[in-house]
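Dear colleague,

I am passing on the structure below, together with some notes for a first reading. Please look through it before you go on to what I found.

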Amino acid sequence: MSSPCRNAALLKWVDECARLCRPDRVVWCDGSREEYDRLMAAMTASGAAIALKKRPRSHLFRSDPSDVARVEDRTFISTPSRVEAGPTNNWIAPDELKGTMTGLYRGCMEGRTMYVIPFSMGPLGSPISRFGVEITDSPYVVCNMHIMTRVGSRVLEALGTDEEFIPCLHSIGAPLKPGQKDVPWPCAPMEQKYIAHFPEENLIWSYGSGYGGNALLGKKCLALRIASAIARREGWMAEHMLILRLTSPEGRRFHITGAFPSACGKTNLAMIEPTIPGWKAECLGDDIAWMKIGPDGRLYALNPESGFFGVAPGTSYESNPAAMGTLKENVIFTNCALTDEGDIWWEGMDGPPPAHAIDWKGRDWTPASPTEAAHPNARFTAPAAQCPVISPDWEKPEGVPIDIFIFGGRRASVAPLVHEAYDWDHGVFLGSTAASETTAANIGAVGNLRRDPFAMKPFCGYNMGDYFAHWLAMGDRLGKNAPRIFYVNWFRKSPSGKFLWPGYGENSRVLKWMCERVAGRVTGRPTPIGILPRQEELDLQGLSLPHDDLAELLRVDPAAWKAEIPDIQKHFAQFGDRLPGRLAAQLQRLRERLG
Ligand code: GTP
Ligand code: SPV
Ligand code: MN
């Protein structure tokens with residue numbers, strides 16, 4: 001094994017992993033275009049990938065039908081004591097989990113290649129960035145990492161002889177016996193899948209899945225679960241947030257981050273094309289924000305990723321033209337349908353559905369078929385730099401100063417279109433009690449309302465009660481520089497089940513109201529749950545919205561909110577003495593305001 005690496009700890013770790021996993025060979029990834037093309041060509045030749053005739057350098061993959069999304073039930077925060085992981089995380093003691101997983105890793109790469117991927121989360125040279133190294137036996141993961149992170153020789157150079165990195169060990173868990181034929185998407189059965197985090201030693205071990213956040217370990221594992229634990233220790237924030245710059249007709253810039261649960265609209269809002277005249281939007285990130293307090297006392301946000309791993313179904317020129325513009329070339333599509341012309345398709349794309357396609361399971365499909373052509377969690381992996389509305393400042397090493405935080409979720413009733421928190425503590429209360437219907441981004445039931453605090457339930461690497469306290473402490477440090485906090489719900493439905501709000505580009509109308517609140521131009525109207533827009537404060541010019549729908553979107557029903565209180569109480573109770581008293585006080589104040 002010849003290696004271009006001079007980092008002693010990295011060499012030692014790679015050697016240990018190779019001895020344990022016993023791959024046929026070890027390859028150090030250089031992150032080059034040639035490497036990507038070589039791996040894609042090999043996967044196309046083997047039948048794992050399909051080269052798309054209609055999109056240059058783009059490929060379609062079909063996963064195993066059992067391996068289509070994150071697996072929250074198989075995701076673990078392995079701290080020495082259960083209480084450090086907290087009530088919202090699965091926990092197994094580190095010794096036990098390492099024992100089990102070492103057993104699984106033994107010989108797990110036989111017949112395969114072990115790839116070593118040195119990567120940076122955040123641009124090289126940024127004080128906010130961190131290095132990771134992923135070891136994987138999946139060439140699909142290597143190509144995705146090329147797009148989602150900064151991979152390669154420059155990182156290895158920066159790692160020098162002794163720079164720190166976060167080790168991320170991944171295996172699909174499907175060794176090949178001599179002569180055994182491979183399948184297009186090898187993976188292990190559900191009960192052998194483990195997505196494990198050891199925050200005390202900044203270590204990630206993932207086994208058995210090749211899909212998305214289970215396998216691209218820079219993303220949820222490093223940039224959220226491990227980074228959130230580091231951020232708490234070091235006094236910064238790692239959040240499941242988009243980053244957006246909005247410029248008013250007068251040229252005033254507002255930087256906005258938004259935390260919505262998985263498949264609840266971050267990518268769409270991040271790439272918004274405002275429908276109101278004169279307002280301009282630029283995208284700085286669609287899934288993760290790392291935020292630090294700058295020398296001027298403001299909070300600066302940077303997207304640690306370099307690509308989008310976005311939900312495909314529902315993406316169209318109508319709903320998200322910038323995403324469609326991003327997808328013209330150099331894209332990996334996973335679990336989309338294949339058209340007879342050699343292009344991809346999914347439900348909700350512009351125009352009529354194709355008369356015939358091959359569905360995500362590789363079967364013939366027509367519009368008359370009883371099942372969807374694309375899996376609901378079908379995704380695209382595309383370079384952020386290709387996005388037509390990417391901000392020229394998206395890789396600015398120090399990030400951008402945040403004015404507005406948005407929380408929200410998918411809720412058919414109760415939560416109005418928008419409300420603003422009275423102050424920081426109230427905003428943290430809104431984030432900590434956020435509720436949303438579950439989506440196909442996780443394997444499990446879809447449409448179940450659950451509390452997903454700060455959209456971080458699946459991604460917080462430590463006790464969520466302590467995470468709430470960390471948010472309060474950050475607010476104390478930020479003081480008057482703290483971003484204003486809003487809560488939105490694009491998903492309120494009529495009794496007949498229709499979305500009341502048109503969403504997408506029209507969400508700019510709500511963003512405009514937020515900016516005008518920050519600029520002190522509108523007063524809003526106080527309600528028991530927070531400040532709502534007066535009807536005349538929402539710019540609805542050019543939008544034909546039935547008056548009754550608008551009234552319903554802005555309605556606060558005290559009875560419905562009173563009915564929420566026992567559930568919030570139960571939600572808070574699970575944190576025991578880790579729940580900050582300031583949040584219990586906020587619940588009490590909500591109760592009093594509701595009368
Ligand atoms: P993750 O990548 O899983 O973290 O998700 P995300 O938050 O980036 O979600 P995304 O923007 O990809 O949206 C997921 C789904 O919500 C898609 O099917 C969208 O079409 C739909 N969606 C997004 N924004 C809106 C909106 O404003 N209104 C409605 N009705 N649907 C929306
Ligand atoms: C999410 O589920 O929030 C995602 C997709 O962004 S994954 O990377 O698979 O977690
Ligand atoms: Mn996400």
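**Notes on the two ligands**

An oxygen atom of ligand 2 lies 3.0 Å from an N or O atom in the side chain of K220. Please keep in mind, here and throughout, that this is a predicted model.

Two further side chains make contacts of this kind with ligand 2: a polar side-chain atom of R70 lies 2.8 Å from an oxygen atom of the ligand, and a polar side-chain atom of D287 lies 3.4 Å from an oxygen atom of the ligand. Taken alone, ligand 2 exposes 290 Å², and the protein buries 98% of that. Ligand 2 sits in the largest pocket, and the elements that give two or more residues to the shell around it are α7 (212-215) and α8 (218-234).

The residues that surround ligand 2 include G212, G213, K219, H240, S262, F309, R379, A441 and F459, as well as the R70, K220 and D287 already named. By character, the shell around ligand 2 divides into three nonpolar, four polar and five charged residues. As for where these residues come from, domain 1 (8-48 + 71-236) and domain 2 (241-286 + 395-594) each contribute at least three residues to the shell around ligand 2.

Turning to ligand 1, there are 21 residues around it, of which A263, K266, T267, R379 and Y504 come nearest. R379 thus appears in the surroundings of ligand 2 and also among the residues that come nearest to ligand 1.

Two side chains and one backbone atom can be named for the polar contacts of ligand 1: an N or O atom in the side chain of N268 is 2.9 Å from an oxygen atom of the ligand, an N or O atom in the side chain of N507 is 3.0 Å from an oxygen atom of the ligand, and a backbone N or O atom of P313 lies 3.3 Å from an oxygen atom of the ligand. On its own, ligand 1 has 660 Å² of accessible area, and the protein covers 91% of this.

The space taken by ligand 1 is the largest pocket, which is also where ligand 2 sits. Helix α9 (residues 266-270) provides the largest share of the shell around ligand 1, namely three residues, while the shell as a whole divides into nine nonpolar, eight polar and four charged residues. Ligand 1 lies between domain 2 (241-286 + 395-594) and domain 3 (308-381), because both of these domains give residues to its shell.

With best regards

Notes: Residues numbered from 1 in each chain as written. Chains lettered and ligands numbered in written order. Predicted model: local features only at pLDDT ≥ 70, side-chain atom pairs only at ≥ 80, totals over all residues. Heavy atoms only, no water. Near = heavy atom within 4 Å. Polar contact = N/O pair within 3.5 Å; in protein donor to acceptor, adjacent residues only side chain to side chain. Areas by Shrake-Rupley, 256 points an atom, 1.4 Å probe, with all protein chains shown as cover. 1 Å grid on protein atoms, 1.4 Å probe; cavity = no way out; pocket = protein on both sides within 12 Å on 5 of 7 lines; lining within 4 Å. Sits in = over half its atoms within 2 Å of the grid points. Helix = DSSP H or I, 4+ residues; strand = E, 2+ residues; numbered from the N terminus. Nonpolar A, V, L, I, M, F, W, Y, C, P; charged D, E, K, R; others polar. Domains from an automatic or database assignment.
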